[in-house]
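Visitor: I would like to walk through this structure with you, one question at a time. Could you start wherever you think a biochemist should look?

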Amino acid sequence: MADGIKWLAAGDISVEGVVFARGISADELAVRLGGVLGAATEPVTDSEVEHLGMRGRSYGVRGDGVVRVGEDAGWAFAVEYGDSTGADRLEEIASGRVDAVHYLPMSARPPVRFHYANNGVLTCGFGIGEEHRRWGAEPDLLLLELIAGKVLHPDGSQNIPPSKEHHMAYQERSLGVLEQRFGLSLPRTVLGEARLPAYAVRGTPAMKTGPEPDHQQVRAWAATLGLTWNDAGGRVPSDVREAWNHMARRDPKETA
């Protein structure tokens, strides 16, 4: 039985977004997001992504982006990490009569967002909790479903939940509409023990999960600064790696 997507309302997921596509394979989805065909890593878990050496965004410069890809319930999906590209490329992903959905977890302001594109056109989008404000070529595409799901009133206004209702339950109603209309599903194990191939889609992350050759050197340097971490297969945490690289550029003799 498929897990659906209502469970994403829990809000404690560790990813930047999820892209779904119907009509192409998982590998093709990765390519349309910016990956290189055939350049996937060996399958990795959600927790192992942090060892792929992604550089974060800083001072207005885009960081590295990575996706793990798979297929479920007739849809290919890409789980996004770092500075990924789903929000920028949804219409491109949907080219050639492909259906594409982007789920963007965010804080309360701006809200969690949903976008649907088909055949290269952004068809419909709205914020979860602000479904009365919709945009796209067909902003009312899901209006009847949102009313039937008690997300909106019959006149299209927002059905504000009573204060006693937890916000998660409200989000589940809205995600339930999307789940039922499109048949979307993301296995819960994707953010647990499931192993999926990963692709770089922006920047130049290391994309290696084995021991790093300079691991001990970086670890010793970090220790002088009071920085320690749980040794995970000889990998340096991305923030420590970024600090090390910055120091190396400033004073190459320190890393020689």
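Guide: Let us begin with one arginine, bearing in mind that this is a predicted model. Arg 181 has a relative accessible area of 36%, and because that value falls between the cut-offs for buried and exposed, Arg 181 is partly exposed.

Visitor: With which residue does Arg 181 form a salt bridge?

Guide: The closest N and O atoms of the pair are 2.7 Å apart, which lies within the 4 Å limit for a salt bridge. Arg 181 sits in helix α4 and its partner in helix α3 (residues 143-148), so that distant parts of the chain, 36 residues apart, are linked. The partner is itself partly exposed, with a relative accessible area of 25%. That partner is Glu 145.

Visitor: How far does helix α4 reach from its first C-alpha to its last?

Guide: Helix α4 covers residues 167-182, which makes 16 residues. At 1.5 Å a residue, a span of 22 Å is expected, and the span in the model is close to that, at 23 Å.

Visitor: Which residue just after α4 takes a positive phi?

Guide: The buried residues of α4 include Tyr 170, Leu 175, Leu 178 and Phe 182. Just after the helix, a phi of about 70 degrees is found, and the residue that takes this value is Gly 183.

Visitor: Is Asp 99, which forms a salt bridge with Arg 22, buried or exposed?

Guide: The closest N and O atoms of Asp 99 and Arg 22 are 3.1 Å apart. Asp 99 lies in strand β4 (residues 99-104) and Arg 22 in strand β1 (residues 17-22), so the pair ties together parts that are 77 residues apart in sequence. Arg 22 is partly exposed at 33% relative accessibility. The relative accessible area of Asp 99 is 11%, and because this is under 20%, Asp 99 counts as buried.

Visitor: Which residue forms a salt bridge with Asp 83?

Guide: The closest N and O atoms of this pair are 2.9 Å apart. Asp 83 lies in the loop between β3 (75-82) and α2 (86-93), and its partner in the loop between α1 (26-32) and β2 (65-72), so the pair ties together parts that are 21 residues apart in sequence. Asp 83 counts as buried at 10% relative accessibility, whereas the partner is partly exposed at 35%. The partner is Arg 62.

Visitor: How many salt bridges does the count come to?

Guide: Side chains of opposite charge can pair when their charged atoms come close. Some of the bridges join up, for Arg 57, Arg 62, Asp 83, Asp 88 and Arg 202 are linked in a network. The count of salt bridges comes to eleven.

Visitor: Which residue in the turn between β6 and β7 has a positive phi?

Guide: Strand β6 (residues 121-127) and strand β7 (residues 130-135) pair in the antiparallel sense over three bridges, with Gly 127 standing opposite Glu 130. The two strands form a hairpin with two residues between them. The turn residue with a phi of about 100 degrees is Gly 129.

Visitor: What share of the 256 residues in the protein chain is buried?

Guide: The chain's secondary structure comes to six helices and eight strands, and its C-alpha trace spans about 70 × 45 × 35 Å along the principal axes. The chain exposes about 13,000 Å², of which carbon and sulfur atoms supply 52%. The buried residues make up 44%.

How values were computed. Residues are numbered from 1 along each chain as its sequence is written. This is a predicted model: local features need pLDDT of at least 70, side-chain atom pairs count only at pLDDT 80 or more; totals for chains, interfaces and linings use all residues. Side-chain values use heavy atoms; hydrogens and water are left out. Helices (H or I, at least four residues) and strands (E, at least two) are DSSP runs, numbered from the N terminus. The expected span of a helix is 1.5 Å times one less than its number of residues. Buried means under 20% relative accessible area, exposed over 50%, partly exposed in between (1.4 Å probe, protein chains only). Two strands pair if DSSP finds at least two bridges between them. A salt bridge is a side-chain nitrogen of Lys or Arg within 4 Å of a carboxyl oxygen of Asp or Glu. Accessible areas come from the Shrake-Rupley method with a 1.4 Å probe; for residues, only the protein chains shown count as cover.
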